[in-house]
Amino acid sequence: TGQTGGVPDVDIDAPEAWNTETGDSSVVVGVVDTGIDYNHEDLAENIWTNPGEIPGNGIDDDNNGYVDDIHGWDFAYDDNDPMDGHGHGTHVAGTIGAVGDNGIGIAGVNWDVQIMALKFLGADGSGTTSDAIEAIRYAVDNGARILNMSFGGTSASQTLEAAMQYAWDAGAVMVCAAGNDGTHQVHYPGAYDPYCVAVAATDHDDVRAGFSNVGPEVDLAAPGVAVFSATRYLNEWQETHRFIYGTANGTSASTAYVSGLAALVLSQDPSLTSDELVDRIKFTADPVLTDPALGEDERLGTGRINALRALTEPPACVLLVDAVTVADADGRLSPGETADLL
Ligand code: CA
Ligand code: CA
């Protein structure tokens with residue numbers, strides 16, 4: 001409805017999509033982030049539980065190298081408790097899969113899904129590349145098909161790229177944030193093509209959010225301003241006031257919408273390959289205008305995701321070209337003449 005003063009219907013058409021598909025607990029989404037409040041009232045039901053592990057017996061029952069890894073792992077502090085110490089990961093998880101139609105809180109893009117908590121960022125929101133790599137490998141080796149990676153930086157890492165290649169080869173779809181510098185700054189891991197889908201943020205007018213990075217590495221966009229989702233209380237005041245929902249801005253939030261949609265499409269058709277899944281989301285997006293303030297005519301990838309179209313339309317073939325050169329024998333194209341695309 002454009003409820004915050006924006007343009008009506010520049011959303012992802014989630015309610016319309018939910019007439020077709022609301023998600024499935026067979027789909028596992030790994031959230032590589034600050035952890036998740038896995039006890040949250042609107043998330044607990046949709047948190048992944050390791051089927052091969054017996055909680056709290058001090059034994060690595062499924063022999064995966066991690067003792068008592070019930071809901072994921074804490075790679076930041078090397079323990080089995082991926083509780084969110086920051087709030088960021090819980091917010092992302094809520095957008096992907098807060099329980100739907102349960103009469104409380106919010107609904108995620110998926111009403112039903114399994115979210116694996118892969119904590120590698122500490123309470124200050126920072127972490128190491130080596131822990132991120134371990135988290136990615138754990139996620140893929142333990143059944144996550146979609147990886148939400150709402151983190152990044154400006155320096156490249158060959159070892160991180162190699163881990164993403166490992167995950168891609170294993171059939172995982174990785175979704176990464178384009179970055180919040182508001183510039184053309186290239187952000188990693190979002191720029192590691194073809195291993196991940198890089199996501200920019202739109203606002204309620206369906207244009208680039210001012211903070212969102214943009215550039216040729218951006219594949220898609222999704223809403224990223226004033227996104228209302230789950231969070232967790234971190235101090236006494238918040239606990240007293242049961243502060244467990246809140247709004248956030250950022251390409252992180254946008255990334256969560258795209259991961260959520262990837263899971264929703266996969267729950268409708270589990271036979272899709274990673275390429276097919278990414279194409280389905282990319283080429284059913286609604287075109288959006290680039291913020292003219294940026295001074296360049298540059299797309300936000302193929303546009304802002306549309307969940308209804310992703311579920312119901314075959315992906316259109318889109319030709320993305322920077323320039324087309326046409327020529328015939330005399331070097332000019334006259335009316336009625338045809339020429340080949342070069
Ligand atoms: Ca284990
Ligand atoms: Ca709910």
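These legends describe close-up views of two calcium sites in a predicted model.

**View 1. Protein donors around the calcium ion (ligand 1)**. Side-chain oxygens come from Glu53 (OE), Asp60 (OD), Asp62 (OD), Asn64 (OD1) and Asp69 (OD). Tyr66 contributes its O atom. These donors lie 2.2 to 2.4 Å from the ion. Along the chain they follow the spacing E-x6-D-x1-D-x1-N-x1-Y-x2-D.

**View 2. Angles and exposure at the calcium ion (ligand 1)**. The six donor atoms subtend angles of 72 to 159 degrees, so the arrangement is irregular. Aspartate 62 has a relative accessible area of 25% and is therefore partly exposed. Tyrosine 66, at 15%, is buried because the cut-off is under 20%.

**View 3. Coordination of the calcium ion (ligand 2)**. Asp42 is listed twice through OD atoms. Asn102 (OD1) also coordinates the ion. Val99, Ile104 and Ile106 each supply an O atom. Distances run from 2.2 to 2.7 Å. The donor spacing reads D-x56-V-x2-N-x1-I-x1-I.

**View 4. Aspartate 42 and asparagine 102 at the calcium ion (ligand 2)**. This pair links distant parts of the chain, 60 residues apart. Aspartate 42 sits in the loop between β1 (23-33) and β2 (72-74). Asparagine 102 sits in the loop between α2 (88-97) and β3 (112-119). Aspartate 42 is buried, at 0% relative accessibility. Asparagine 102 is partly exposed, at 29%.

**View 5. Donor angles at the calcium ion (ligand 2)**. The six donor atoms subtend angles of 50 to 170 degrees. The arrangement is therefore irregular.

Conventions: Residues are numbered from 1 along each chain as its sequence is written. Chains are lettered from A and ligands numbered from 1 in the order in which they are written. This is a predicted model: local features need pLDDT of at least 70, side-chain atom pairs count only at pLDDT 80 or more; totals for chains, interfaces and linings use all residues. Side-chain values use heavy atoms; hydrogens and water are left out. Donors are N, O and S atoms within 2.8 Å of the metal (3.2 Å for Na, K and Ca); water is not among the atoms, so sites may look incomplete. Four donors count as tetrahedral if all angles lie between 85 and 135 degrees; four count as square planar and six as octahedral if opposite donors are over 155 degrees apart and all others between 65 and 115; anything else is irregular. Helices (H or I, at least four residues) and strands (E, at least two) are DSSP runs, numbered from the N terminus. Buried means under 20% relative accessible area, exposed over 50%, partly exposed in between (1.4 Å probe, protein chains only).
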